[in-house]
Amino acid sequence: MLKLPAYTTIYILTHESIEYPLQEWLQPHSNRRAGDELASYYAAERFGWQRVKVPVYFEGGNVLVGDDFFLLGANYAVDTCLHLSEQLLSDKGLKLKKAITELYQQYLDKDRILYLVGSTLQLPAEQKRRFTRNGEEWEELLYMRNKEGSVQPVFHIDMFLTLAGRNENGKYRVLVGDPRMASDLLHNKYAALATPEAFDEIAALLTRLKFEVIRNPLPLVYVDDEQRRVRKWYYATYNNALVEVRSAQERTVWLPSYGHGNWPELQRTDEENKAIWEQLGFRVILLGDFHPFAAFAGSVHCIKKYVEREEAKG
């Protein structure tokens, strides 16, 4: 909060009965999302928005919006396909991919080009397996929140993709997380658990789509629950950041950091990601320890909502 610019406006939706105690604390990192539908109703009422049900499925973390395009995680295109009526899909004899694309453009953004982001590889779903630690039997959780048939290496694309504005030649820049790069920096073999080939394939896809692709370290780490004897693997994601481009000269990124607690070695990936953004001309603000958020499948980008954006001047 203290590292956000002075012009930031934050709205918190709450029941009036807890308005006073809310002044003393912030929302915890855990969020079951059960009230999302009700929250959207009250937010629409407060800001005078029209609230409409649409026949496409999406969540904010799986949509990234550029100036003349938007990226959508292909998992949600699959989900939409499974729930759409036959009439919608067969309208005008459109092929499936084209029909899905046109639906998302119709209901989300008619003026921007839609690119679906996914992998053609067979990706693992969330799984549990046994291992031995200090002579005791433990359980570890891998590929958190990935569903059977996933075409994304992570459940939301904002966990491994970051939009970074256009370069001096007008090409749009996208950072794509690289678990193998992180493992090389940290001298571990954890990338083998992260399906790095899927990230490489998505980077190649974006390159073919004429984006400038920059790879950045995306470490895979874990947290141990000593009482339950459970190890949970998760991404210490730097891609899940806040990026602000106010002009070609004024660019800022707020990056989570992870070189804390049981993971001091991640100071190296903290600094490497910071250096990558600085080379792109950004002022970098490193935030505090985001392990408590990342361990629950989120980070900086996941705990914000955009209410209103103004056009950059200059």
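Strand S5 and strand S10 (residues 230-235) run parallel and are joined by three bridges. The model described here is predicted. Across this pairing, Glu140 has Arg231 in S10 as its bridge partner. Glu140 in S5 also stands opposite Arg129. That second pairing belongs to strand S4 (residues 127-133) and strand S5 (residues 136-142). These two strands run antiparallel, and seven bridges join them. Together S4 and S5 make a hairpin, with two residues between the strands. Asn134 lies in the turn and has a positive phi of about 55°.

Positive phi values also appear in two loops. Arg229 is not a glycine, yet its phi is positive, at about 55°. Arg229 sits in the loop between strand S9 (220-225) and S10. Its relative accessible area is 36%, so Arg229 is partly exposed. Thr195, also not a glycine, has a positive phi of about 45°. The loop that holds Thr195 runs between helix H6 (179-186) and H7. Thr195 has a relative accessible area of 16% and is therefore buried, given that buried means under 20%.

A second set of strands forms an open sheet. This sheet has three strands in the order S1-S2-S3, and the pairing is mixed. Strand S1 (63-65) and S3 stand at the edges. Each has a single partner strand, so one side of each is left without a neighbour in the sheet. On average, neighbouring strands of this sheet are turned by 20° against each other, direction ignored. S1 and S2 run antiparallel and are joined by three bridges. In this pairing, Val63 stands opposite Leu72 in S2.

Helix H5 (residues 96-107) packs on the sheet. H5 touches S2 and S3, and its direction makes about 125° with that of S3. The helix has twelve residues. From its first C-alpha to its last, H5 reaches 17 Å, close to the 16 Å expected at 1.5 Å a residue. Buried residues in H5 are Ala99, Ile100, Thr101, Leu103 and Tyr104.

The loop between H5 and S3 holds Asp109. Asp109 counts as buried because its relative accessibility is 15%, and the cut-off for buried is under 20%. Its side chain reaches the backbone nitrogen of Asp111 at 2.9 Å. Asp109 is also in contact with Phe70 and Tyr104, leaving aside neighbours within four places in sequence. Tyr104 is one of the buried residues of H5.

The largest nonpolar core has 29 residues. Leu71, Phe160, Leu161, Val174, Leu206 and Phe211 touch the most other members. Several elements each supply at least two residues of this core: strand S2 (69-73), strand S3 (113-117), strand S6 (161-166), strand S7 (172-178), helix H7 (196-208) and S10. H7 gives the most, with four residues. Leu206 shows how residues meet here. With neighbours within four places in sequence left aside, Leu206 is in contact with Leu71, Leu161, Val174, Val176, Phe211 and Val213. A second core is separate and has 18 residues. Among them are Leu266, Phe290, Ala295 and Val300.

Notes. Residues numbered from 1 in each chain as written. Predicted model: local features only at pLDDT ≥ 70, side-chain atom pairs only at ≥ 80, totals over all residues. Heavy atoms only, no water. Pairing = 2+ DSSP bridges. Core = buried A, V, L, I, M, F, W, Y, C linked by side-chain atoms within 4.5 Å. Buried < 20%, exposed > 50% of the residue type's maximum accessible area, 1.4 Å probe, protein only. Contact = heavy atoms within 4.5 Å. Axes fitted to C-alpha atoms, helices over the stretch in contact; angles between N-to-C directions. Expected span 1.5 Å × (residues − 1). Polar contact = N/O pair within 3.5 Å; in protein donor to acceptor, adjacent residues only side chain to side chain.
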